[in-house]
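User: Please take a close look at one part of this protein, the hairpin and what surrounds it, and explain how it is placed in the whole chain.

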Amino acid sequence: MPDNSIHSEFERFPRWISGNINVLSFNTNFISINLETQETILINGFIILNEQQSEMTLYHNWGE
C-alpha cells in the first residue's frame, strides 16, 4: 500500500473503505480559475468502491 502521508490531500479525503478498492474518476463540469493567470481547470470527482461494490465513498473538493 502506498504511503498516503506524503499526499497533501489525504487528510482532507480520508479513506473510509478498507481492503481492495476500485477508484472511478469523473468530470464534474465545475471549473477552478487561477486568479493570477485566469486559466480555467476542469475539476474531477472520485468514487471509491469496495470489491463487492457494497460500499461507496464520493470525494469532491468544492474549493474555497
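Analyst: The answer below goes from the whole chain to the hairpin, and then to the segments on either side.

This is a predicted model, in which local features need pLDDT of at least 70 and side-chain atom pairs count only at pLDDT 80 or more, while totals for chains, interfaces and linings use all residues. Residues are numbered from 1 along each chain as its sequence is written, and side-chain values use heavy atoms, with hydrogens and water left out.

The protein has three strands and zero helices, where helices (H or I, at least four residues) and strands (E, at least two) are DSSP runs numbered from the N terminus. Along the sequence the pattern reads β-β-β. The mean pLDDT, the predictor's confidence in each residue from 0 to 100, is 79 for the protein, and 73% of the residues reach 70 or more. Confidence is highest in β2, at a mean of 89, and lowest in β3, at 83. Where pLDDT is low, the predicted coordinates should not be read in detail.

The hairpin itself is formed by β1 and β2, with six residues between the strands. These two strands run antiparallel and are joined by 10 bridges; strands pair if DSSP finds at least two bridges between them. Ile 21 stands opposite Asn 50 in β2.

Two residues of this region have an unusual backbone sign, given that most residues other than glycine have a negative phi. Asn 29, in strand β1, has a positive phi of about 70° although it is not a glycine, and Asn 29 is exposed because its relative accessible area is 68%; here exposed means over 50%, buried under 20%, and partly exposed in between, with a 1.4 Å probe and protein chains only. Gln 38, which lies in the loop between β1 and β2, also is not a glycine and has a positive phi of about 65°, and its relative accessible area of 53% is why Gln 38 counts as exposed.

The loop also holds Leu 35, located between β1 (21–33) and β2 (40–50). With 70% relative accessibility, Leu 35 is exposed, and Leu 35 joins Ile 31, Ile 33 and Leu 42 in a nonpolar surface patch of about 420 Å². Patches are made of residues with over 30% relative accessible area and no salt bridge, like charges being joined within 9 Å and nonpolar side chains (Val, Leu, Ile, Met, Phe, Trp, Tyr) within 5 Å; a salt bridge is a side-chain nitrogen of Lys or Arg within 4 Å of a carboxyl oxygen of Asp or Glu. For the protein, the exposed area is about 5,500 Å², of which carbon and sulfur atoms supply 53%, as found by the Shrake-Rupley method with a 1.4 Å probe, only the protein chains shown counting as cover for residues.

Beyond the hairpin, Thr 57 lies in strand β3 (residues 56–60) and is buried, because its relative accessible area is 12%. Buried residues make up 16% of the 64 residues. Apart from neighbours within four places in sequence, Thr 57 is in contact (heavy atoms within 4.5 Å) with Trp 16, Ile 17, Phe 46, Ile 47 and Ile 48. Trp 16 belongs to the segment before β1 and is exposed, with a relative accessible area of 65%; with the same exclusion of neighbours, its contacts are Thr 57 and Tyr 59. The C-alpha atoms of Trp 16 and Met 56 are 8.9 Å from each other, although 40 residues separate them along the chain. Of the contacts with a separation of 6 or more, 37% are between residues 24 or more positions apart.
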